[in-house]
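Hi everyone, thanks for making room for me today. I'd like to walk you through one chain, so please bring it up on your screens.

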Amino acid sequence: MSAASPTPFRPWPGTSGGQLQTFLGYWLRRHLRWKLPAEDLVVPSAPGVRLLCRATWQPGPRRARPALVIAHGLGGSSEASYAVSLGQAAWEAGWHVLRMNLRGAGASLELCPRLYNAGLSDDVLAVA
């Protein structure tokens, strides 16, 4: 059996420039919101550090499917359009989805009023 070849990238017609494609990707997704049911999970990471994750589980036993942990970028949160878009694609592919708020970001700010720091990989490990 041969593996399927990946679909080649084709930019939207009339959008050959990378900056325009980046802008259009943001513009077209700016109102994207998570519409599936989500469970709020509070995950302890370190002393005094609690993180909020939005978990959406596939039906059936949880161990039967893989899970994707999505950590947002600088200035983002679990509600960022790129986190929602990636989560929806993973959900449609059959994955559990955990959209993570890093410490001091999004709804985690109320649980952990510390400065945002995306360099703390222990937080991602705690969620995983």
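I'll start with the overall layout, move on to the sheet, and finish with a helix and two buried polar side chains.

One thing to keep in mind throughout: this is a predicted model. The chain has 128 residues, and 29% of them are buried. It has three helices and four strands, and if you read from the N terminus, the order is α-β-β-β-α-β-α. Two more numbers for the chain as a whole. Among contacts with a separation of 6 or more, 59% are between residues 24 or more positions apart. The exposed area is about 8,500 Å², and 59% of that comes from carbon and sulfur atoms.

Now to the sheet. In what order do the four strands lie? Going across, you meet β1-β2-β4-β3, in an open sheet with mixed pairing. The edge positions belong to β1, residues 39-46, and β3, residues 67-71; each has a single partner strand, so one side of each has no neighbour in the sheet. From one strand to the next, the twist averages 30°.

Let's take the pairings at those two edges. On one side, β1 runs antiparallel to β2, residues 49-56, and seven bridges join the two. If you want a pair to click on, Leu41 has Cys53 in β2 as its bridge partner. The hairpin that links these strands has two residues between them, and there Gly48 adopts a positive phi near 80°. On the other side, β3 pairs with β4, residues 96-100, in the parallel sense, over five bridges. Here, a pair to look for is Leu68 with its bridge partner Val97 in β4.

Next, please find helix α2, residues 81-92. Its twelve residues span 16 Å from first C-alpha to last, close to the 16 Å expected at 1.5 Å a residue. Which residues of α2 are buried? They are Ser81, Ala83, Val84, Gly87 and Ala90. After the helix comes Gly94, another glycine to look at, with a positive phi near 95°.

That brings me to the two polar side chains I promised. The loop between β3 and α2 holds His72. Is His72 buried or exposed? Its relative accessibility is 5%, so it counts as buried, the cut-off being under 20%. What does the His72 side chain reach in the backbone? One group is the backbone oxygen of Gly76, at 3.3 Å. Also, a polar atom of the His72 side chain lies 3.1 Å from the backbone nitrogen of Leu102.

The second one is Asp123, which you'll find in helix α3, residues 121-127. At 1% relative accessibility, Asp123 is under the same 20% cut-off and therefore counts as buried too. Which side chain does Asp123 join in a polar contact? That would be Arg103, with 2.8 Å between the two side chains. Leaving aside residues up to four places away in sequence, Asp123 touches Ser45, Val49, Leu51, Met100 and Arg103.

To pull the picture together: we have a mixed, open sheet of four strands, with β1 and β3 at its edges. His72 is buried in the model, and Asp123 is buried as well. That's my tour, and thank you for listening!

Methods: Residues numbered from 1 in each chain as written. Predicted model: local features only at pLDDT ≥ 70, side-chain atom pairs only at ≥ 80, totals over all residues. Heavy atoms only, no water. Buried < 20%, exposed > 50% of the residue type's maximum accessible area, 1.4 Å probe, protein only. Contact = heavy atoms within 4.5 Å. Areas by Shrake-Rupley, 256 points an atom, 1.4 Å probe, with all protein chains shown as cover. Pairing = 2+ DSSP bridges. Axes fitted to C-alpha atoms, helices over the stretch in contact; angles between N-to-C directions. Expected span 1.5 Å × (residues − 1). Polar contact = N/O pair within 3.5 Å; in protein donor to acceptor, adjacent residues only side chain to side chain.
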